[in-house]
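Thank you all for coming. I would like to walk you through a structure that is new to most of this group, taking a few places in turn, so please have it open in front of you.

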Amino acid sequence: MSQIHSNSSPFSPLQVLPLAVSSKPAPPLLIRNGRIIDPANQRDEIADLFIQSGVIIGDPPAKLPTETQTLDASGLIVAPGLIDIHVHLREPGAPHKETIESGTFAAAAGGFTSVLAMPNTSPPCDSPAAVMWLLQRILQKSSVRVFIAGAITKSLAGEELAPIGSMLKAGIVAITDDGHCVQNHEVMRRALEYASMFQLPVLDHCQDYNLSADGVMHEGQWSLRLGLQGWPRIAEEVIVARNILLAELCSTPIHIQHVSSAGSVRLLREASARKLKITAEVCPHHLWFTDEKLQNFDSTFKVNPPLRERHDIEALLEAIVEGTITIFASDHAPHANYEKEVEIDHAPFGMTGLETELAAFATLLIHRERAIDWPRLIACYTVNPARLLKLNLGTLTAGAPADLTLISPNLRWTFDRNQSFSLSKNTPFHGCEFVGRAVQTIVAGRTIWKLL
Amino acid sequence: MSFPTREWNRRHLLSLDELEAWEIEFILNAAAAFKTVGERDLKKVPSLRGRTLINFFIEPSTRTRVSFELAALRLSADVINMSATASSLQKGETLIDTAKNLQALHADIIVLRHSAAGACKFLADRLEASIINAGDGAHEHPTQGLLDAFTIREHFGSFKNLKIGIVGDILFSRVARSNLHALLKLGAEVHLIGPSTLVPKLFEQLGAYVHHHLDPILPHLDVINLLRIQHERQRKEYFPSTGEYTALFGLTKERARALKPNCLIMHPGPINRGVEIDSDVANSSQSVILEQVTHGIAVRMAVLYLCSGGKTPAAQ
């Protein structure tokens with residue numbers, strides 16, 4: 001193993017090239033000799049890629065426009081721009097944790113060209129007015145594409161449906177009560193039925209509040225030893241099972257957010273075998289760490305759902321390999337140091353992840369476990385989430401928006417939270433050594449971030 | 001057993017889980033020396049003269065606080081008591097800020113009682129002062145574990161082949177955890193006994209035996225340690241009533257007759273007479289409940305002395 005000091009990184013600190021807000025289209029760009037991986041088209045080959053006016057053209061024309069810029073991508077992967085469908089940007093309400101500006105810088109530096117912002121802000125995104133406010137803010141401050149998830153219920157209280165149709169008109173692409181979970185099965189049933197009228201994707205954070213009670217970490221040997229209240233697997237699994245039953249009853253799809261337990265994997269596998277339209281996402285921390293990490297009462301590792309055990313990790317890995325889990329996401333959840341630096345019972349749940357998730361998955365799944373290859377990994381961040389949210393993104397098909405992520409697949413680097421763009425530093429990956437990293441992020445044909 | 005070449009070098013006492021067997025023995029040996037101080041007419045030694053100790057109790061407690069206070073006074077330390085109601089924590093100040101203020105007052109030792117597990121470790125990682133855990137949530141109560149071990153050692157001399165039963169609400173008990181770690185390290189066999197909701201099987205993974213019936217194990221025990229049951233503070237789904245608890249797990253007169261004649265009856269206090277233990281049984285000759293209280297001072301003197309840099313466990 002090489003050293004893990006940040007100065008061992010072969011690169012100087014990250015820099016963001018700000019997104020030009022000019023109406024002038026980006027100059028044509030020829031990306032040469034990259035390994036083009038486009039899972040939507042089952043493409044994986046060394047080739048050139050030409051983009052112009054912010055859209056993918058494909059093969060370069062015989063005669064290039066004179067203003068064409070070229071980029072040598074030898075040794076790099078050229079992928080469709082990555083999409084993270086589970087991000088907390090904390091606006092409105094908590095700009096000391098993160099803002100749309102800082103959060104989308106972090107996204108760009110992680111290789112992401114699109115993110116889905118969760119609605120558990122303050123006030124929550126549960127009305128068309130809230131959606132409009134956000135869209136305005138995004139237009140002014142964002143450096144990547146920010147899509148908006150609206151709430152399922154008013155105030156995320158789990159009782160009355162939010163104005164889902166009006167929010168859809170205002171511009172949401174999905175609904176979820178993330179951070180909360182609709183406990184009343186009748187309300188959830190009606191939400192699914194109602195959303196199906198618009199074919200609006202429904203995402204669910206699965207947590208039965210009675211069963212998770214005051215739990216702050218996984219219920220197991222470590223919670224027992226530490227005397228901390230356990231958040232048992234069953235609290236997630238009961239709601240995963242509920243959602244599967246409701247999806248079947250209502251003949252609607254449902255997406256399970258941040259799956260953490262082996263039991264949830266088993267339920268999802270059975271549901272897929274019955275051809276139900278259930279999708280699921282997994283976060284890197286649930287594969288990288290176990291509950292043992294809480295042994296020093298370090299609240300950095302307090303996350304919801306909690307870090308679980310080795311056999312849960314093995315089940316999650318299997319689920320990725322067999323295709324039961326097809327989407328990767330960060331659940332990027334920034335919190336200020338002073339909020340996390342309290343007794344573990346009182347610390348908020350959550351950890352940041354935008355700048356480490358691609359590297360964490362690549363290091364673990366491709367280099368360490370040899371579980372999947374690059375096309376599979378990229379599919380989990382592009383075509384699969386794009387299909388879930390019905391976005392015309394996540395592909396290099398000619399005519400698609402020219403959102404691209406260039407990845408150096410074997411680059412060794414060490415993450416230093418002090419170089420993070422996020423306003424918050426609550427990452428469990430500080431000092432982790434990774435293999436593989438995004439090195440350039442292009443949105444609509446324009447480079448918005450580049451590793452220098 | 002003794003390890004004459006080893007030296008105590010911890011500043012904090014946070015848990016018994018993190019101590020090695022020799023360290024526990026080391027404290028018990030020091031406590032044996034300090035025990036004699038309390039039996040003298042002049043109950044004071046100058047070991048901590050000039051040191052400041054703050055009893056910082058963010059959860060109600062009388063006996064543990066008084067025991068620490070007496071221990072510190074007998075070591076000639078200056079002692080300040082701070083409780084939750086008096087402290088600024090109720091005004092919204094965080095634990096770390098309050099603790100840093102205590103440190104700015106040049107407190108050498110902070111004895112912390114807190115409702116959150118890990119609160120002592122949290123302060124120990126951030127402060128210069130010695131942190132002594134006087135009970136953190138359901139995590140540990142190390143000086144209680146030590147004084148229980150000390151009491152057992154006073155009677156049996158060693159822990160070899162001893163079967164020690166701990167009865168009650170194990171899941172939420174910091175006393176049970178500290179006892180478990182100490183007694184296992186010292187070589188005893190630990191039997192955890194109580195309702196299946198409060199004594200999950202998972203405790204077997206920590207090295208204990210788990211029982212949900214008291215009667216079959218009673219005649220085999222050398223020590224029975226009864227924990228306080230507080231139904232009113234418990235979430236109601238764990239057991240139906242104190243009456244049912246007493247019927248199933250209370251040490252009644254009848255059950256006490258099934259104990260070995262030399263089985264020690266222990267309780268960390270305060271006891272609920274007629275609930276987890278019969279009143280006469282608590283007063284019986286097998287009961288060492290008040291000895292535990294006396295030993296608490298010696299053990300706490302030893303802990304304060306060693307964590308302040310005292311090297312040899314010699315009575316002065």
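Before I name any residue, let me fix one term: a residue is called exposed when its relative accessible area is over 50%, and buried when that area is under 20%. Please also keep in mind throughout that this is a predicted model.

With that cut-off in hand, take Gly157(B), which sits in the loop between helix 5 (142-156) and strand 5 (163-167) of chain B. Its relative accessibility is 54%, so Gly157(B) counts as exposed. If you would like a sense of distance, Gly157(B) and Pro219(B) are separated by 62 residues in sequence, and their C-alpha atoms are 21 Å apart in space.

While we are in chain B, let me point out the peptide bond from Gly269(B) to Pro270(B), which is cis, with omega near -5 degrees. Pro270(B) belongs to the loop between strand 9 (264-266) and helix 9 (279-283) of chain B.

Chain A has a cis peptide bond to show you as well, running from Ser122(A) to Pro123(A), with omega near 0 degrees; Pro123(A) is in the loop that lies between strand 8 (112-117) and helix 2 of chain A.

That brings us to helix 2 itself. Helix 1 (residues 100-109) and helix 2 (residues 128-141) of chain A pack with their axes 9 Å apart and at an angle of about 60 degrees, and these two helices of chain A are therefore oblique to each other. Their crossing is right-handed. On the side of helix 1 of chain A, the contact is made by Ile100(A), Glu101(A) and Thr104(A), which meet Leu134(A), Arg137(A), Ile138(A) and Lys141(A) in helix 2 of chain A. Sorted by character, the residues of this contact are three nonpolar, one polar and three charged.

Now move along chain A to helix 7 (residues 233-250) and helix 8 (residues 262-273), whose axes come within 9 Å and cross at roughly 10 degrees. That angle makes helix 7 of chain A roughly parallel to helix 8 of chain A, and the crossing between them is right-handed. Among the residues that meet here are Val240(A), Ala241(A) and Ile244(A) from helix 7 of chain A, and Leu267(A), Leu268(A) and Ala271(A) from helix 8 of chain A. The contact as a whole divides into six nonpolar, two polar and two charged residues.

In the loop between helix 7 and strand 14 (254-256) of chain A you will find Ser251(A), a residue other than glycine with a positive phi, near 50 degrees. Ser251(A) counts as exposed, at 63% relative accessibility.

How many of the 12 residues of helix 12 (residues 357-368) of chain A are buried? The count is 10, so helix 12 of chain A is largely enclosed by the rest of the structure. Phe361(A) and Leu364(A) are among the buried residues of this helix.

Let me finish with the cysteines: why does the sulfur of Cys125(A) form no bond with the sulfur of Cys181(A)? The sulfur in Cys181(A) is the closest cysteine sulfur to that of Cys125(A), but it is 19 Å away, which is too far for a bond. Likewise, the sulfur of Cys283(A) is 12 Å from its closest cysteine sulfur, in Cys206(A), again too far for a bond. Over all chains, the structure holds zero disulfides.

Terms used
Residues are numbered from 1 along each chain as its sequence is written. Chains are lettered from A and ligands numbered from 1 in the order in which they are written. This is a predicted model: local features need pLDDT of at least 70, side-chain atom pairs count only at pLDDT 80 or more; totals for chains, interfaces and linings use all residues. Side-chain values use heavy atoms; hydrogens and water are left out. A disulfide is a pair of cysteine sulfur atoms within 2.5 Å. Axes are lines fitted to C-alpha atoms, for helices over the stretch in contact, and angles run from 0 to 180 degrees between N-to-C directions. Helices (H or I, at least four residues) and strands (E, at least two) are DSSP runs, numbered from the N terminus. Angles under 35 degrees count as roughly parallel, over 145 as roughly antiparallel, 65 to 115 as roughly perpendicular and the rest as oblique. A crossing is left-handed if the near helix is turned anticlockwise from the far one by less than a right angle, and right-handed if clockwise. Contact means heavy atoms within 4.5 Å. Ala, Val, Leu, Ile, Met, Phe, Trp, Tyr, Cys and Pro count as nonpolar, Asp, Glu, Lys and Arg as charged, and the others, Gly among them, as polar. Buried means under 20% relative accessible area, exposed over 50%, partly exposed in between (1.4 Å probe, protein chains only).
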